[in-house]
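Hello,

Here is the structure I promised to pass on. Please have a look, and then read my notes below.

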Amino acid sequence: MAKADKQKLLDQIKADIITQNICPDLAQEATQLVFGDGNPNAQLVFIGEAPGKNEDEQGLPFVGAAGKFLNEMLAGIGLGRKDVYITNIVKYRPPDNRDPYPDEKAAFLPFLRSQLEVIAPKLVVTLGRHSMDSLLPGLQISQVHGQPKRYKGQVYLPLFHPAAALYNGAMRQTLIDDFSRIARVLAAIN
Ligand code: URA
């Protein structure tokens, strides 16, 4: 499908979240919906947890400290934000950056699935346990990080969350090492 057509479908999914009044309590406290950013034709999609303060203000995912780290890791493998697509499981900022509740993740899941259906990436990289749990249930991030998993026809690569790894030396290096596998994982998917 042409990029412009994909973008139109993504815009429609975004509009549906608003018209269907998904998570009204979160919506009321948030500045705006943070739907996603990047290339609708990307082979690689990254999925985080939920917007934080900066994301809520700018309306874009991963634009704060964790986003800066993510951008650095992308640059390290020769990619920019325009080469990939980035979104979150929960699309409104939870108050005080609390963890999203299970019912909030469940409410947004059909829309995340629709986004993925439109983009049809080769590889979905989950960042942290919230997005991993939503898409690849029953796994432990500490055991499966950096290992590609095929589930219901889609290949996933579960990684640690950049915010968790940012100030933790060992986890930071593990995340950088796992990240460096992305190109090989992508190349091996047929
Ligand atoms: N952390 C996330 O999980 N998502 C963002 O968009 C920013 C920080």
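To follow the notes on the ligand, it helps to know how residues are classed: Ala, Val, Leu, Ile, Met, Phe, Trp, Tyr, Cys and Pro count as nonpolar, Asp, Glu, Lys and Arg as charged, and the others, Gly among them, as polar. By that scheme, the shell around the ligand divides into three nonpolar, three polar and two charged residues.

This is a predicted model, in which local features need pLDDT of at least 70 and side-chain atom pairs count only at pLDDT 80 or more, while totals for chains, interfaces and linings use all residues. Residues are numbered from 1 along each chain as its sequence is written, and side-chain values use heavy atoms, with hydrogens and water left out.

Around the ligand you will find G48, E49, A50, E55, P61, F62, N88 and H161 (each has a heavy atom within 4 Å of it). Three polar contacts (pairs of N or O atoms within 3.5 Å) are worth a look:

- A polar backbone atom of E49 is 2.7 Å from an oxygen atom of the ligand.
- A backbone N or O atom of F62 is 2.9 Å from a ligand oxygen atom.
- An N or O atom in the side chain of N88 is 2.7 Å from a ligand nitrogen atom.

The protein buries 91% of the 240 Å² that the ligand exposes when taken alone (accessible areas by the Shrake-Rupley method with a 1.4 Å probe).

Now to the strands (DSSP runs of E, at least two residues, numbered from the N terminus; two of them pair if DSSP finds at least two bridges between them). Six form an open sheet with mixed pairing, in the order β1-β3-β2-β4-β6-β5. Because β1 (37–38) and β5 (149–151) stand at the edges with a single partner strand each, one side of each has no neighbour in the sheet.

Best wishes

Conventions
Polar contact = N/O pair within 3.5 Å; in protein donor to acceptor, adjacent residues only side chain to side chain. Helix = DSSP H or I, 4+ residues; strand = E, 2+ residues; numbered from the N terminus.
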